[in-house]
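Hi,

Here is the structure I promised to pass on. Have a look at it first, and then read my notes below.

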Amino acid sequence: MRIEHVTLCGTDLHIWEGEYLNPFPIVQGHEAAGTVESVADPADASMTGTRVVISPVRSCGDCHACRTGRENVCERVSVLGCYEDGTLASRVVVPVSALHQVPDAVPSELAPLSEPASIALQAVRRGRPVAGELALVLGCGPIGLITTMALRQSGVDVVAVDTIEERARFAERFGAVATIALAPGQRCPSHEEVADAAGSDPARAVSLVIEATGSPTALASAMDVVAHAGRVVVVGISDRDVTLPHRTIAFKELDVLGSRNSVGLIPDGLGLIAQNPAAFRSLITHRFPFDETADALRTLRTDTAHVRKVLIMMGSGVQDHRTDLASTGAVSSSATVPSMG
C-alpha cells in the first residue's frame, strides 16, 4: 500500500515526547489513507488501485476479550504506530483484512479521520444513547467533537464543555445545542446549569456524560453532574490517578463505562465523513509535508487553542522506507498500552 495521507493525534505527540511505554525506535502513524499498489493473493487482485484506510488495531483472537467480540481491548492488543511500526512511511505491507475501501464521496485527505471517528462512535455505542435525552460532552478536541456529532444524529441534545472558549464554541458546528467554556480551575457546571444552557427546565436530567479530556478532575465532576441511573463513558486517557466518590457511584447506581479503540467501526466512520464532509474538513487545521513532521508534532504541543487535526502529506520528502506490518506480532500482555486518541 502506498501511503498518501496521515493525520496526527495526541497519542502521536505523547509517543514522540517519550511519555508512553513504547518500543524505540518506532515508525509512528496510525491514522492513514492511501492506495493499494499490489497484492500477494491473486484472489485479491481487484483491490489493486483501490483507495483504502487501515484499521490499526491488532488482536490475538484467543483471550477473553477477543472471544467475546471485544478485540479492541485484547489482552495482547497492538496498535500500528504505537507498538509496532506504523504508517509514516512511503509504503507499508498490510493484511487485506485490515483494509477498508474509501467511498467515492470521501476525499482522500479526509479518509484518515475515519480512525478517530471510529473511536468516537465506539464511545457513543458504549453510552447507549436514547433519542430525546440530554448529554454532556467534556472536551472539544476531535474525539469530543465527533462524539457530539454522532450523539446529535442519534437524537440526543448535547451540551459541550471545554476550558478553551474557542474550542467550546466550535462544537456548535458539530451539533451541540449549547457550549460552556470553563476558566482553568473552574468547577464543572452543575446539572441545573447544563439543562439551563440547553434551554431546558433546570430539573431536566443529564443522563449521559462522555468524558473526552483525560482529566481526572473532569472524570470526578462527571460523577457529580450525571443523573441517578445515568451513564458515564470514559474515552479520555490519562496515566494520572483519580479520586472518585465511591458513595455517589453506588447510591446513584451509575454505569461507568470505559471506551477504547473501536470494534469494526471504521466503515461507519467513513460513512459519517461522507455525510458531513464540510465539518470533517474543518477539523484539519494544519498541513505539513512529510519532511516537516517534527514541526507538525511541535505544533500539536504549542498551539493547543487552534489545532484540531494535523495532516501529513506523504508526497513530499518521503524517505525510501518500507515497513512490513504483516510480519509483526502483538506485544506481550505485560506492556502498558494506551488507547488511541
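Before anything else, a word on vocabulary: I call a residue buried when its relative accessible area is under 20%, exposed when it is over 50%, and partly exposed in between, using a 1.4 Å probe and protein chains only. Helices (H or I, at least four residues) and strands (E, at least two) are DSSP runs, numbered from the N terminus. Do keep in mind that this is a predicted model: local features need pLDDT of at least 70, side-chain atom pairs count only at pLDDT 80 or more, and totals for chains, interfaces and linings use all residues. Residues are numbered from 1 along each chain as its sequence is written, and side-chain values use heavy atoms, with hydrogens and water left out.

Let's start with helix H4. Its buried residues are Pro-142, Ile-143, Gly-144, Leu-145, Ile-146, Thr-147, Thr-148, Met-149, Ala-150 and Leu-151. That is 10 of the 12 residues of H4, so the helix is largely enclosed by the rest of the structure. From first C-alpha to last, H4 reaches 17 Å, close to the 16 Å expected at 1.5 Å a residue (the expected span is 1.5 Å times one less than the number of residues). Just after H4, Gly-155 takes a positive phi of about 85°.

Thr-148 is a good residue to click on in H4. It counts as buried, at 1% relative accessibility. Contact here means heavy atoms within 4.5 Å. Leaving aside neighbours within four places in sequence, Thr-148 is in contact with Val-137, Val-158, Ala-160, Ala-171, Phe-174, Gly-175 and Ala-176.

Two of those partners lead us to a pair of strands. Val-137 of strand E8 stands opposite Ala-160 in E9. E8 (residues 134-138) and E9 (residues 157-162) run parallel and are joined by five bridges; strands pair if DSSP finds at least two bridges between them. Five of the five residues of E8 are buried, so this strand, too, is largely enclosed by the rest of the structure. In a regular strand the side chains alternate between the two faces of the sheet. In E8, Leu-134, Leu-136 and Leu-138 point one way and Ala-135 and Val-137 the other way.

Next, helix H9 (residues 266-275). Its buried residues are Ile-266, Gly-269, Leu-270, Leu-272 and Ile-273. Seen down the axis of H9, they fall within an arc of 160°, so they line one face of the helix (the arc is that of the directions from the helix axis to the C-beta atoms). What covers them includes strands E3 (51-54) and E7 (99-101), plus helices H3 (114-127), H4 (142-153) and H10 (277-283). One link to H3 is easy to find: Ser-118 lies in that helix and touches Ile-266, as well as Asn-261, Ser-262 and Leu-265, not counting residues up to four places away in sequence. Ser-118 is buried, with a relative accessible area of 1%.

Now the rings. Rings of Phe, Tyr and Trp (its six-membered ring) pair if their centres lie within 6.5 Å; planes under 30 degrees apart count as stacked, over 60 as edge-to-face and the rest as tilted. By this rule the count comes to one aromatic pair. The centres of Phe-170 and Phe-174 are 5.9 Å apart and their planes are at 40°, so the pair is tilted. Both Phe-170 and Phe-174 are buried. Arg-308 lies over the face of Phe-170, at 3.6 Å from the ring centre, and Arg-247 lies over the face of Phe-251, at 4.1 Å. For that, NZ of Lys or CZ of Arg must be within 6 Å of the ring centre and within 35 degrees of the ring normal.

Finally, some backbone details in the loops:

- Phe-24 and Pro-25 are joined by a cis peptide bond, with omega about 0°; Pro-25 sits in the loop between helix H1 (10-16) and strand E2 (31-35).
- Ala-229 has a positive phi of about 65° although it is not a glycine. It lies in the loop between helix H7 (216-225) and strand E12 (231-234), and counts as exposed at 56% relative accessibility.
- Glu-253 is another non-glycine with a positive phi, near 50°. It is in the loop between helix H8 (246-252) and strand E13 (255-258), and is exposed, with a relative accessible area of 63%.

Cheers
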